[in-house]
Amino acid sequence: MNAVVQQAINEQINNEFFSSYSYLAMSAYCERKQFTGCAQWLRMQSQEEYGHAMRLYDFLAARNGIVQLQAIREPAGEYGSIAEVFQAALEQERTVTKQIDSLYELAFNEKAFSALVELEWFINEQVEEEKTASVIVHKFSMVKDDPAALLDLDRELGSRGAPQAAE
Ligand code: FEO
C-alpha cells in the first residue's frame, strides 16, 4: 500500500472519529437543554461518523495496510443556543468536505486507484451531509425563538432512526 496515501487515510480515520466525538458532545449539550429530539438526531449522526471512520479502517485492512489510531482531540461542549449547535455542525461538514477533497487529490496524484474509488463514496456522502445540515440550519433560522415551532422542529429531528450500514 502506498505509504503517503496510507498515512493520509489514517489521518482521515482520526478526522471521522473526531467528527463522531464532536456530534456526541453536541448531543450531550442538547440533552442538557432538554431538546431531546435534537439530541437524538445528533447521536445518530455521531454513529454515522463512526461508520465513516470504520469504512476507511476496513479499506486499509482489505488492502493489507496499517491502521494507526491516533488520539482524538477534545470537541467543543458549550454552545450559545441549539441553533448554534447546528450551525457548528454545518461548518464541521464543510471542513470534512475539504479534507475528503484533499485526500482525493492526493490519491489521484499518487495514482492510488482503489483509494480513489473508495473516496468517491465519501465525496457523494459529503454532498448529502452538507445539504442535510444546511436544511436544518435554515429551519432554525425560520423558527427563531417561537416556542411552538421549536418544539415541532425538535420532534421532527427526534424521529431520525439508527444509520444503515454503508454498503
Ligand atoms: Fe463523515 Fe459528516 O462526515
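User: Why does Thr97 count as buried?

Analyst: Its relative accessible area is 17%, and buried means under 20%, while exposed means over 50% and partly exposed is in between (1.4 Å probe, protein chains only). So 17% lands on the buried side. Bear in mind that this is a predicted model, where local features need pLDDT of at least 70, side-chain atom pairs count only at pLDDT 80 or more, and totals for chains, interfaces and linings use all residues. Residues are numbered from 1 along each chain as its sequence is written, and side-chain values use heavy atoms, with hydrogens and water left out.

User: Where is Thr97, and which residues does Thr97 touch?

Analyst: Thr97 sits in helix H3; helices here are DSSP runs of H or I, at least four residues, numbered from the N terminus. Leaving aside residues up to four places away in sequence, Thr97 touches Gln126 and Glu130, where a contact means heavy atoms within 4.5 Å.

User: And Ser27, why is that one called buried?

Analyst: Ser27 has just 3% relative accessibility, so Ser27 is buried too. You'll find Ser27 in helix H1, touching Ala39, Leu42 and Arg43 if you skip residues up to four places away in sequence.

User: What makes Ser27 and Ala39 a polar contact?

Analyst: A polar atom of the Ser27 side chain is 2.7 Å from the backbone oxygen of Ala39. The rule asks for N or O atoms within 3.5 Å, one able to donate a hydrogen and the other to accept it (sequence neighbours count only if both atoms are side-chain atoms). So 2.7 Å fits that limit.

User: Why is Leu24 called partly exposed?

Analyst: Leu24 comes out at 41% relative accessible area, so Leu24 is partly exposed. Leu24 belongs to helix H1, residues 3–32, and together with Tyr21 and Ile72 makes up a nonpolar surface patch of about 260 Å² accessible area.

User: What about Gly77: why is Gly77 called partly exposed?

Analyst: Gly77 has a relative accessible area of 32%, which means partly exposed. Gly77 is in the loop between helix H2 (36–62) and helix H3 (82–109). Gly77 touches Tyr29 and Arg32, not counting residues up to four places away in sequence. Tyr29 is 48 residues away along the chain, yet the two C-alpha atoms are separated by 6.5 Å.

User: How do you know that the span of helix H4 is close to the expected one?

Analyst: Helix H4 (residues 113–143) has 31 residues and reaches 46 Å from its first C-alpha to its last. The expected span is 1.5 Å times one less than the number of residues, which gives 45 Å for H4, and 46 Å is close to that. Right after H4 comes Lys144, with a positive phi near 50 degrees.

Note on methods. Helix = DSSP H or I, 4+ residues; strand = E, 2+ residues; numbered from the N terminus. Patch = residues over 30% accessible without salt bridge, like charges linked within 9 Å, V, L, I, M, F, W, Y side chains within 5 Å. Areas by Shrake-Rupley, 256 points an atom, 1.4 Å probe, with all protein chains shown as cover. Salt bridge = Lys/Arg side-chain N within 4 Å of Asp/Glu carboxyl O.
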